[in-house]
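Please look through the model shown below before reading on. The report that follows takes up the overall make-up, then the sheets, the core and a few individual residues.

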Amino acid sequence: MRRQIGLSRYTRTVICFLGILLTQIACAQSGGSSIRPSGEDAMVIAHWNVVAFQAIDGPFQFGIVAFHINGVDRVDYQINGGDVLSVTDMTLNKRTNTYEYWTTIDPAKIGPLNPENPIVEIKATVFPKTAGIPREMDPMYFNVKPADGSQDAIVWVSGKGDDKRGDGTKENPFRQPGRALEALEDIEDDRDEAVFGVVYLMEGEYIWGSSGYSAPDTDSRWVEIAAAPGVDKSKAVFNEDDGGGFLPLLLKVKGVTIKNVYFIPEGGEYSNLWLEDSDMIGPGATTGGGFYHSPSWDEVFFINVHLSDFPNGATDLAIARNVKLTNIGSDAFSGSRLIVNSEVNGIDRGDTQFHPDVFQIYCGNDDMENFIIFGLVARDAEAQGIFAGGCSSLDNVAIVNALLIRPLFSRVPFFSQWHVPSNHLIFSGITMPNSTFLWRNNEVRNVLIDSSVFYAMGAPFKGYGFDDDAIAYQNTHLLRPRDGSMPVDGIDITSGDAGFLDEGKGDFTPSGKSGLRGRVKAPFSNVDVYGNPRKGPSTIGAIE
Ligand SMILES: [Ca+2]
């Protein structure tokens with residue numbers, strides 16, 4: 001039940017009184033729009049926080065990140081048609097370092113699988129509390145492989161290897177990954193069971209792409225190219241792209257450095273890239289080329305990736321988890337569907353005509369839905385914070401825990417702007433201390449603004465025109481409400497100085513005396529933007 005979040009009038013009075021005493025917070029009169037959206041026509045917002053078709057060989061923790069305006073009641077999982085298992089709380093999945101609705105699959109408890117196609121299917125449905133529409137997830141699939149490695153195949157390459165005289169062993173490696181992939185294909189052809197292929201890179205500089213060699217072509221197993229055990233990612237470097245793309249449809253690249261490589265898929269319309277534990281370095285924030293993405297990829301996953309010196313960062317990803325961006329010229333995370341525990345430091349378009357955004361959703365006149373930000377920090381980001389535009393409709397968006405800071409002394413007028421009709425938006429745990437949020441469209445409903453600090457909130461329409469029960473504001477603080485144009489009514493709304501530790505140096509942590517503290521009885525998330533626990537009653541904004 002989320003009903004308890006609304007503090008009693010008495011509690012609010014006490015809080016406001018303390019706020020005035022401690023940090024000169026002025027308490028706005030609230031109680032105007034106390035009608036809360038019912039959420040009954042709002043569908044659960046949810047994403048798998050795990051990459052499908054990966055191979056597991058022992059107990060494996062996997063889960064879903066989910067939100068709903070009325071709260072999430074449970075996630076029901078069903079593994080290979082077995083019993084339904086209900087998960088009712090978001091807790092820390094240590095494997096992903098994410099608070100999510102997770103469970104464990106143990107291959108030992110699954111019956112025999114076809115060794116040619118050893119796939120388990122997991123069904124999941126996420127249910128809201130009290131009222132709302134459940135979301136039936138697309139099924140998740142994992143390969144199960146023997147823990148003894150008997151279905152693995154490893155081919156070695158090295159900067160000192162030889163594509164003609166090598167044989168792909170550790171002692172006699174090939175020179176390029178493209179050649180090694182062809183050797184993996186030969187191994188697969190010789191075996192009548194699924195083969196899980198890995199190309200190990202010893203120290204060296206490599207060509208990105210299959211270079212005319214063939215490669216395994218399965219669409220249900222990842223082919224991995226990874227730094228060999230003990231080789232630092234700075235010593236396994238892709239720095240040439242004249243090999244075209246890599247052919248595997250599911251390509252995982254792990255533990256490498258990629259410099260100035262333009263890579264697009266070679267495999268056709270169904271091509272997926274999973275980049276993990278790697279660094280990508282581009283030619284510069286405002287220079288073209290060196291681009292990793294294009295619409296040709298079907299799905300792209302970045303996990304533990306540091307990307308720097310590109311015009312665009314981790315855009316249009318299926319999952320961006322623990323992604324760090326530095327020195328970006330335009331869009332940081334735009335179009336990505338699940339962003340977890342990620343950050344961008346430095347967005348500057350320079351003299352270009354770029355339209356920079358930390359997080360933009362642009363639909364090209366389509367209907368889009370189901371986006372999650374769960375833990376995002378933007379610093380020195382000369383960009384719009386959150387921008388939604390060009391959508392016939394954009395439904396089911398949750399932004400939970402986001403600290404979005406523009407350069408402290410900037411005079412460029414960048415805002416956050418919502419231009420599109422929407423059903424079901426959650427903004428919770430946000431601190432946006434130096435840019436205004438503008439509602440550019442009032443055809444919204446089931447909107448919750450919760451536990452957040454905004455510079456100001458504005459809307460350009462005369463009379464505003466929102467339905468009475470369209471937007472619920474609660475536990476929210478406005479730093480400079482007069483700089484917006486829109487009065488905010490709701491439950492526990494305050495304004496004025498927030499009592500940050502050191503605003504002038506960009507530290508927007510609430511001080512011990514801040515009136516933001518202790519105001520949220522039931523936080524939407526039990527961690528803050530940095531992963532620190534929120535112990536109730538918790539603090540308004542991104543930082544606990
Ligand atoms: Ca943009």
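## Overall make-up

The secondary structure of this protein consists of two helices and 36 strands, and the model from which these elements are read is a predicted one. Confidence over the chain averages a pLDDT of 90, and 92% of the residues reach 70 or more. Residues 1-32 are to be read with care, since pLDDT stays under 50 over that stretch, for which the model has 54 contacts beyond four places in sequence.

Taken along the principal axes, the C-alpha atoms fill a box of roughly 80 × 60 × 45 Å. A compact globule of 544 residues would have a radius of gyration near 24 Å, and the 25 Å of this protein agrees with that expectation. Buried residues account for 54% of the 544 residues, and among contacts between residues at least 6 apart in sequence, 63% join residues at least 24 apart.

## The five-stranded open sheet

Strands of a sheet pair through backbone hydrogen bonds, in either a parallel or an antiparallel sense. One open sheet in this model has five strands in the order β23-β25-β27-β29-β32, and the pairing is parallel. Its edges are formed by β23 (357-362) and β32 (457-458), each of which pairs on one side only.

Within this sheet, β23 is joined to β25 (residues 384-389) by five bridges in the parallel sense. Along that pairing, D357 stands opposite Q384 of β25, and F359 has I386 of β25 as its bridge partner. β25 also pairs with β27 (residues 416-418), again in the parallel sense, over two bridges, and here A388 stands opposite W418 of β27. How many of the six residues of β25 are buried? Five of them are, so the strand is largely enclosed by the rest of the structure.

## A right-handed crossover

Elsewhere in the chain, strand β12 (residues 152-157) and strand β13 (residues 196-201) pair in the parallel sense over six bridges, and in this pairing V157 has L201 of β13 as its bridge partner. The chain passes from β12 through helix α2 (residues 177-190) to β13, and this β-α-β crossover is right-handed.

## The nonpolar core

In soluble globular proteins, nonpolar side chains tend to be buried together. The largest nonpolar core of this model contains 166 residues, and the members that touch the most other members are I64, A66, L201, F302, A332, V358 and I399. Strand β24 (residues 367-381) gives the largest share of this core, namely nine residues.

L201 therefore appears in two settings, as a bridge partner in β13 and as one of those core members with the most contacts to other members. For A66, once its neighbours within four places in sequence are left aside, the residues in contact are V44, I45, A46, V72, V75, Y101 and V126.

## Individual residues

Most residues other than glycine have a negative phi. Two residues of this model can be set against that background, the first being T130, which has a positive phi of about 50° although it is not a glycine. T130 lies in the loop between β9 (119-128) and β10 (135-136), and it counts as partly exposed because it has 15 C-beta neighbours inside 10 Å.

S451 also has a positive phi of about 50° and is not a glycine; it is found in the loop between β30 (444-450) and β31 (453-454). Is S451 buried or exposed? With 31 other C-beta atoms within 10 Å, S451 is buried, the cut-off for that class being 20 or more.

G536 belongs to the segment after β36 (507-510), and with 10 other C-beta atoms within 10 Å this residue is exposed. Which residues does G536 touch, not counting those up to four places away in sequence? They are K521, A522 and P523. K521 is 15 residues from G536 along the chain, and the C-alpha atoms of the two are separated by 5.5 Å.

Methods: Residues are numbered from 1 along each chain as its sequence is written. Two strands pair if DSSP finds at least two bridges between them. Helices (H or I, at least four residues) and strands (E, at least two) are DSSP runs, numbered from the N terminus. A crossover is right-handed if, with the strands pointing away from the viewer, the path from the first strand over the helix to the second runs clockwise. pLDDT is the predictor's confidence in each residue, from 0 to 100. Two residues are in contact if their C-beta atoms, placed from the backbone, lie within 7 Å. The radius of gyration is taken over C-alpha atoms; the globule rule is 2.2 Å times the number of residues to the power 0.38. A residue is buried if 20 or more other C-beta atoms lie within 10 Å of its own, exposed if 12 or fewer, and partly exposed in between; C-beta atoms are placed from the backbone. A nonpolar core is a set of buried Ala, Val, Leu, Ile, Met, Phe, Trp, Tyr and Cys residues joined through C-beta atoms within 7 Å.
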